[in-house]
Amino acid sequence: MDEKDTDRIDQDAQRPVKGCCKCCHREPRGKLHSFNWLNDIPGGYADSDMVEVQFKNTRKGFYKNSTNLPLEIGDIVAVEASPGHDIGQVTLVGALVNLRMRKARLKADTEVKRVFRKAKPADLEKFEEARAKEHETMIKARKIAESLNLNMKIGDVEYQGDGNKAIFYYIADERVDFRQLIKVLAETFKVRIEMKQIGARQEAGRIGGIGSCGRPLCCSSWMTNFVSVATSAARYQDISLNPQKLAGQCAKLKCCLNFEVDTYVESAKRLPPRDARLETADATYFHFKTDIFKREITYSTDKNIAANLVTIDAERVFEIIAMNKAGEKPLKLTRDADARPAEKKAFGDILGQDDVTRFDKKRKKKNKSKSGNQNRNAEAKANNDNEDRKAADGEANQQRNDRRRKFQGKRKPQNDSRDRQSPTNSQSQTSGDNNA
């Protein structure tokens, strides 16, 4: 890529980036960009000498193209500033600029500054030198404010395109007297100082980031104004009042809480009131929770805790309320014919590939087969151990029997000799008796 090619500012960082040619200029994206839908209307209706120019992050301004320069979206221009000039990117041309000025509520007597020229290479070099000092300037300014014991936070610094002026964006909860701070900053950085106070939401929009939804922050991508957000928006949507989940990166309530709250409020108007009590023949039911999307309400027999929960549709609730007003009490909340028929699927999942839990089922089967194999192995091992014990016991019994037989075999001859000697003794005894 040739170094002499035209320059342009990258959309994200708003800094000059080398480009290949004019046809490769990408239109800036983000909250300050509007599609010029009047561009191709003939008859000169879409022509205007006003242009919209975007600077660092969210700062923009409207300028007059007094010299009738052929400007297009994405061009880098040098515009009038006080003092000197500033460098920015054209984000909108034509009649839509007048509509944007009307939306911004600019007064008729507001002084409109001019567009000097398209940025030259020398202008861009000076612009880059000034932007390279912004981070270091912000760190030093924070230390100076801390040394002066000022209760404020300097969130960002923006240098003018010619480097003669610096804008310090700060956040403060209370009024701050920064006259001494301006003197010290002017002596330190040798530039003209301008202080601008912004809120926490504006700071998050200038810095940018990724939200809990995984997308870029709304305040840094497309939101043009900030509306106050209350905790009632979370209550209408039945969102848990957890400060850690409801707060954004600015430590304030998330702006997206207001995006759908109107839809929830309108839907809640077509549902039964939450303070309505349903009287039946056996108990009194109180409201427990509501599913706005399904139009189903869950009731409990206890007003404070979940007890004997019953879920019915909104039409059934209106019926019971009308019956209670007429002095009637149904036997139960649910209808007699509440058995819902089985829903027919639009298509048959023959192979079971559309089930989200198909992998979990396989794992369960594997676990079951593994446990079955383990049980069978344990039983086989126990049987083998029993057989081994029986065999060992049989061998021990056989050895005992053999020993007994050997011992008995040794004792039999002695008994025979004793039996043989006993008759002679008996004969001698009898003869002795006769002689006597």
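# Briefing: helices, a three-stranded sheet and selected loops

Asp-238 lies in the loop between helix H7 (232-236) and helix H8 (243-246). Its phi is near 55°, a positive value in a residue other than glycine. The model is predicted. The points below cover helix H3, a sheet of 3 strands, the helices that pack on that sheet, and several loop residues.

**Helix H3**

- Helix H3 covers residues 134-147. At 1.5 Å a residue, its 14 residues should span 20 Å, and the end C-alpha atoms are 20 Å apart, so the expected and computed spans agree.
- The buried residues of H3 are Glu-134, Thr-137, Met-138, Ala-141, Ile-144 and Ala-145. Viewed down the helix axis, these buried residues fall within an arc of 125°, so they line one face of H3.
- The face turned away from the buried side carries exposed residues: His-135, Lys-143, Glu-146 and Ser-147.
- Two helices and two strands receive the buried residues of H3: helix H2 (121-132), helix H4 (179-189), strand S8 (153-159) and strand S9 (165-171).
- Asn-149, just after H3, takes a positive phi of about 60°.

**The S8-S9-S10 sheet**

- The sheet is open, with 3 strands in the order S8-S9-S10. Its pairing is mixed.
- S8 and strand S10 (192-197) are the edge strands, each pairing on one side only.
- From one strand to the next, the twist averages 25°.
- S9 and S10 pair in the parallel sense, over 6 bridges. Within this part of the sheet, Tyr-169 has Lys-196 in S10 as its bridge partner.
- Strands of a sheet pair through backbone hydrogen bonds, either parallel or antiparallel.

**Helices on the sheet**

- H4 lies across S8, S9 and S10. Its direction runs at about 135° to S10.
- H5 also packs on the sheet, where it touches S8 and S9. The direction of H5 makes about 45° with that of S8.
- Helix H5 spans residues 200-207. Its buried residues include Arg-201, Glu-203, Ala-204, Gly-205 and Arg-206.
- The buried residues of H5 pack against S8, S9 and helix H6 (218-221). S8 and S9 are also packing partners for the buried residues of H3.
- Just after H5, Gly-208 has a positive phi of about 85°.

**Prolines in loops**

- Pro-216 sits in the loop between H5 and H6. Its relative accessible area is 49%, so Pro-216 is partly exposed.
- Apart from neighbours within four places in sequence, Pro-216 is in contact with Gly-209, Ile-210 and Ser-221.
- Pro-83 belongs to the loop between strand S5 (76-80) and strand S6 (85-93). The peptide bond joining Ser-82 and Pro-83 is cis, with omega about -5°.

**Positive phi in loops**

- Asp-238, in the H7-H8 loop, has 41% relative accessibility, so it counts as partly exposed.
- Arg-295 is found in the loop between strand S12 (284-291) and strand S13 (296-300). Arg-295 is not a glycine, yet it has a positive phi of about 55°.
- At 28% relative accessibility, Arg-295 counts as partly exposed.

Conventions: Residues numbered from 1 in each chain as written. Predicted model: local features only at pLDDT ≥ 70, side-chain atom pairs only at ≥ 80, totals over all residues. Heavy atoms only, no water. Helix = DSSP H or I, 4+ residues; strand = E, 2+ residues; numbered from the N terminus. Expected span 1.5 Å × (residues − 1). Buried < 20%, exposed > 50% of the residue type's maximum accessible area, 1.4 Å probe, protein only. Arc of directions from axis to C-beta. Contact = heavy atoms within 4.5 Å. Pairing = 2+ DSSP bridges. Axes fitted to C-alpha atoms, helices over the stretch in contact; angles between N-to-C directions.
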